[in-house]
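This briefing goes through one structure by topic, beginning with its backbone geometry and ending with individual residues and their surroundings. Please keep the sequence and the coordinates open while reading.

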Amino acid sequence: MSDGPDDGRRRRERESLADALALSRSSLGVTTPNPPVGAVVLDPAGAVAGRGATEAPGGRHAEVVALDAAGDRARGGTLLVTLEPCDHQGRTGPCSARALAAGVARVVYAVRDPNPLAAGGAETLRRAGVDVARADDDEVAAAEQGPLRAWLHRQRSGRPYVTWKYAATLDGRVAAADGSSRWITGPESRHHVHGRRQEIDVVVVGSGTRAADDPSLTARSDDGAPTDRQPLRAVMGLTPVPPDAAVRGSDGRFRHLATRDPAEALAMLGDVQHVLVEGGPRLAGAFLAAGLVDEVEAYLAPIVLGDGRSAVQGAGVGTLTDAHGFEVRENATLGRDVYLRMTRRTA
């Protein structure tokens with residue numbers, strides 16, 4: 001038995017929302033302070049007419065990119081977008097007004113805009129006679145846990161989303177007893193790390209890691225060349241950073257966060273969305289003890305050292321009931337290694 005008209009439309013809309021969510025990932029590391037959004041336009045027959053993702057600040061929002069691509073085919077069609085269309089004049093005009101001008105008949109969005117300055121697009125569209133619907137709960141959850149999660153966290157909490165990333169052995173060692181640590185994980189994991197660096201705003205290490213390893217903290221391709229998208233590089237701690245330190249680079253994208261207080265360090269970074277803590281055990285422990293780790297990305301190699309430096313120190317845990325709890329959101333095999341992405345458990 002074939003789908004009815006409503007079932008067929010809903011199936012196409014679900015597929016298009018999933019496509020919009022995938023598109024939004026291409027905006028990570030590009031749109032800050034704006035949200036990374038994806039959008040798809042279906043023509044009146046249900047065929048894809050336009051697709052788009054939010055451009056860099058001052059550029060077009062995802063809805064406008066998709067509507068521009070669709071042209072006249074958008075009239076009478078459906079706009080599907082991962083975030084409620086904005087309703088305010090900023091660097092660009094309201095997306096709600098652009099959707100009305102394009103003549104779309106229906107708008108489906110996943111996440112309500114929590115920013116009071118930009119929210120209200122859904123109601124504006126409804127008042128103008130557009131059929132507006134919010135996505136199903138599972139689609140909303142996928143959008144909130146996807147590329148929008150750091151931006152949403154910033155809107156709701158007033159601070160950046162913090163990911164602690166580390167690579168370790170099965171017994172949690174990031175270096176052997178003699179201090180050797182290159183390479184615990186394999187090339188596939190390192191490739192993945194460089195891909196993730198391109199999607200976040202800031203990479204932070206502590207003064208100790210800076211002195212011991214002299215890291216560049218750049219995002220690089222497999223041949224070692226820097227990629228087009230680069231995060232801001234930051235060193236946290238009171239020790240001065242030498243003028244010839246690799247982390248300084250020559251592009252002006254370096255910050256010295258002269259503090260030992262994680263909350264103060266985050267405030268020094270300004271209006272960023274996503275911070276990746278890549279420093280050593282003491283820096284990780286400081287962020288954990290301060291309750292400022294929202295997500296953990298662990299790269300685990302299938303080896304055991306038995307002795308050596310642990311992945312974290314001083315996390316503020318005195319007994320098992322005080323342990324920091326996380327929920328696994330994603331897992332994958334990267335060559336011989338295992339990758340885990342976990343978010344903080346709230347209950």
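## Backbone geometry and packing

Trp183 is placed in the loop between β7 (173-175) and α7 (187-197), and the peptide bond that joins Arg182 to Trp183 is cis, with omega about -10°. The model is a predicted one, and the values below are to be read as computed from that prediction. The points that follow take up unusual backbone values, a helix pair, the nonpolar cores and a few single residues.

**Cis peptide bonds and positive phi values**

- Besides the bond at Trp183, a cis peptide bond is found between Thr32 and Pro33, where omega is about 10°, and Pro33 belongs to the loop between α1 (5-25) and β1 (38-42).
- As background to these entries, most peptide bonds are trans and most residues other than glycine have a negative phi.
- Asp214, in the loop between α8 and β9, is a residue other than glycine with a positive phi, near 45°, and its relative accessibility of 35% makes it partly exposed.
- Leu217 also lies in the loop between α8 and β9 and has a positive phi, near 60°, although it is not a glycine; with a relative accessible area of 2%, Leu217 is buried.
- Gly291, which follows α10, has a positive phi as well, near 70°.

**Helices α2 and α3**

- Helix α2 (residues 62-70) and helix α3 (residues 95-102) have axes that come within 9 Å of each other and cross at roughly 15°.
- Because an angle under 35 degrees counts as roughly parallel, α2 and α3 are described as roughly parallel to each other, and the crossing in which α2 passes α3 is left-handed.
- On the α2 side the contact is made by Glu63, Val64, Leu67 and Asp68, and on the α3 side by Cys95, Arg98, Ala99 and Ala102; sorted by class, this contact has 5 nonpolar and 3 charged residues, with no polar ones.

**Nonpolar cores**

- The largest nonpolar core has 37 residues, and within it Val41 and Val104 touch the most other members, while strand β4 (residues 106-111) gives the most to this core, with 5 residues.
- A second core, separate from that one, has 30 residues, among them Val204, Leu269, Leu292 and Val293.
- When neighbours within four places in sequence are left aside, Val104 is in contact with Leu67, Ala74, Gly76, Gly77, Leu79, Ala99 and Val130; two of the residues in this list, Leu67 and Ala99, also take part in the meeting of α2 with α3.

**Buried threonines**

- Thr78, in strand β3 (residues 78-83), counts as buried because its relative accessibility is 11%, where the limit for that class is under 20%.
- Apart from neighbours within four places in sequence, Thr78 is in contact with Glu13, Val40, Val41, Leu42, Arg106 and Val108, and of these Val41 is one of the residues that touch the most other members of the largest nonpolar core.
- Thr218 is found in the loop between α8 (207-213) and β9 (232-236), and at 16% relative accessibility this residue counts as buried.
- Not counting residues up to four places away in sequence, Thr218 touches His194, Arg197, Gln230 and Arg233.

**Partly exposed alanines**

- Ala289 lies in helix α10 (residues 281-289) and is partly exposed, with a relative accessible area of 46%, whereas the buried residues of α10 are Pro281, Leu283, Ala284, Gly285, Phe287 and Leu288.
- With residues up to four places away in sequence not counted, Ala289 touches Gly314, Ala315, Gly316 and His324; for Ala315, 26 residues apart from Ala289 along the chain, the separation between the two C-alpha atoms is 4.6 Å.
- Ala167, which lies in strand β6 (residues 161-168), is partly exposed at a relative accessible area of 25%.
- Leaving aside neighbours within four places in sequence, Ala167 is in contact with Arg173, Val174, Thr185 and Tyr299, and from C-alpha to C-alpha Ala167 is 9.4 Å apart from Arg190, with their positions 23 residues apart in sequence as the stated spacing.

Notes. Residues numbered from 1 in each chain as written. Predicted model: local features only at pLDDT ≥ 70, side-chain atom pairs only at ≥ 80, totals over all residues. Heavy atoms only, no water. Axes fitted to C-alpha atoms, helices over the stretch in contact; angles between N-to-C directions. Helix = DSSP H or I, 4+ residues; strand = E, 2+ residues; numbered from the N terminus. Parallel < 35°, antiparallel > 145°, perpendicular 65-115°, else oblique. Left-handed = near helix turned anticlockwise from the far one by under 90°. Contact = heavy atoms within 4.5 Å. Nonpolar A, V, L, I, M, F, W, Y, C, P; charged D, E, K, R; others polar. Core = buried A, V, L, I, M, F, W, Y, C linked by side-chain atoms within 4.5 Å. Buried < 20%, exposed > 50% of the residue type's maximum accessible area, 1.4 Å probe, protein only.
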